[in-house]
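Here are a few exercises to work through with the model open beside you. Try each task on your own before reading its solution.

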Amino acid sequence: MSRNGSGSWRERRRRRREEGRPGPPGPYALLPWLLMGLGAFSNLFQGKTPNPWIGGIGLFVFNSLYISVVFRGFHKKSRESPVTYVTLAVMAVVTFGLAIGYGGSWLLFFPLLSLACGTVLRGRQLVVGLLGLAVVAVLVTVRRGDNVSDPWTIGYGTFISGAVTAAILTLSETVMELRATRQELARTAVEKERLRFSRDLHDLLGHTLSVIVVKSEAARRLAPRDMDAALLQVADIESVGRQALTEIREAVTGYREGSLATELDRARSALTAAGIAPVVRRSGPPLAPQAEALMGWVVREAVTNVVRHSDATTCSFKVDGTAERVRLTITDDGRGQAAEPPAPGIGGTGLKGLTERLAAAGGSLTAGPGPDGGFGVTAELPVDATDAADAADAADGMDTADGSVPPHTLGP
């Protein structure tokens, strides 16, 4: 069996196991309690009940109302409908009439009415309703004097029937809500991990593949006239490939930690291979690991865009700031003209994703054409920026399908 087939089989088995777990009881679980009315039916059948037609109609109406209330009580929307409360009130009137008029076995309709109340009423309504119903059941039983059980027993049975029913249903509903919440949390965790993985792969592979392409072109140009220099570029390609494999493994396991210094070194190598002179100036206080990682992502994304689209000869990196905030400015001197004027704000989805990630850490990112041409990216962050990975997972994606950023959003 293939791995995918095995995974699908496990998923189906997990779903069957989840579906097989006991859930809240359904309305059919309360229908057998109607057998408590067999004594009243027996009296009717044996002719021991005066006005049997009235008793028969009352018994039929009571059973019909009981079934209706019970089935409506298991659906929240129907349970809270005014129709349900009206039906329950009519059922109470029928119960009082039959109990007062006939007594004896008909008094057992009070616990049945209590069961119906337990499926519908909640909170204070339930407590007040059951207490009142139990008191009325005791009073009617005492008044009739021909009861089949002790008045206090009927009163207690009336109260406890509704209380236990409501408690079981409430607990069952809570368990089902917890199950649904757990499934939603699991689904959200999977979605967040998928977004993290896709985001990291975009940032890793977009930059790495750009470097590999640039160095491959350099090796091809150098090979006819300087084989040693071409071999040096090929060695760099091998090194970049190995590093990419390591980073992808780290991204898969979620343990990748970025470094601004490392990314600046890689930026120098990539820009030099592309024939773009890098200029790096760094000052200011040391950064927290998360700030380092986020700034490293900015460098990686900006360098990828410069190498691909800017047609620049120089790219400068300036890192400075205060004890509270750090600023990273990346500018190039590209001379190409955009196909159309760039829209205000961040155009490329890669830069949009970085904007969201920095904003979640209390920072900001701006990008756009420079006043003297070229393109500039400026990122600001608190020096001690906290982990913003969870907030950043809300991003829908980081770039286009091939990892590129639309040309009109980049340096000319």
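The exercises below concern a predicted model, and each comes with a worked solution.

**Exercise 1. The sheet**

Work out the order of the strands in the open sheet of 5 strands, and find which strands stand at its edges.

Solution. Start with the order, which is β1-β2-β3-β5-β4, with mixed pairing. Next, look at the two ends: β1 (277-282) and β4 (364-369) each have a single partner strand, so one side of each is left without a neighbour in the sheet. Finally, check the twist: on average, neighbouring strands are turned by 10° against each other, direction ignored.

**Exercise 2. One strand pair and the helices on the sheet**

Describe how β3 and β5 are joined, then find what helices α10 and α11 touch on the sheet.

Solution. Take the pair to begin with: β3 (residues 325-332) and β5 (residues 375-382) run antiparallel and are joined by 8 bridges. Within this pair, Ile 330 has Val 377 of β5 opposite it. Now add the helices. Helix α10 (residues 260-273) packs on the sheet against β1 and β2 (314-321), and its direction makes about 160° with that of β1. Helix α11 (residues 289-310) touches β1, β2, β3, β4 and β5, and its direction makes about 10° with that of β3.

**Exercise 3. The largest nonpolar core**

Find which residues have the most contacts inside the largest nonpolar core, and which element gives the most to it.

Solution. The core has 38 residues, and Val 298, Val 299 and Phe 317 have the most contacts inside it. Among the elements giving two or more residues are α8 (151-222), α12 (349-360) and β4. The top contributor is α11, with 10 residues. To see one of the central contact-makers in detail, select Phe 317: among the residues it touches are Leu 264, Leu 271, Val 299, Val 303 and Ile 330. Then look elsewhere for a second, separate core of 35 residues, which includes Leu 30, Leu 65, Phe 109 and Ala 137.

**Exercise 4. A helix with a buried side**

Find which residues of α2 (residues 38-45) are buried, and what covers them.

Solution. The buried residues of α2 include Ala 40, Asn 43 and Leu 44. Their arc around the axis is only 100°, so they lie on the same side of α2. Their cover includes α3 and α6 (109-120). Following α2 comes Gly 47, with a positive phi near 75°.

**Exercise 5. Ser 68**

Decide whether Ser 68 is buried, partly exposed or exposed.

Solution. Locate Ser 68 in helix α3 (residues 52-73). Its relative accessible area is 30%, so Ser 68 is partly exposed.

Note on methods. Residues numbered from 1 in each chain as written. Predicted model: local features only at pLDDT ≥ 70, side-chain atom pairs only at ≥ 80, totals over all residues. Heavy atoms only, no water. Pairing = 2+ DSSP bridges. Helix = DSSP H or I, 4+ residues; strand = E, 2+ residues; numbered from the N terminus. Axes fitted to C-alpha atoms, helices over the stretch in contact; angles between N-to-C directions. Contact = heavy atoms within 4.5 Å. Core = buried A, V, L, I, M, F, W, Y, C linked by side-chain atoms within 4.5 Å. Buried < 20%, exposed > 50% of the residue type's maximum accessible area, 1.4 Å probe, protein only. Arc of directions from axis to C-beta. Lists of a residue's contacts leave out its neighbours within four places in sequence.
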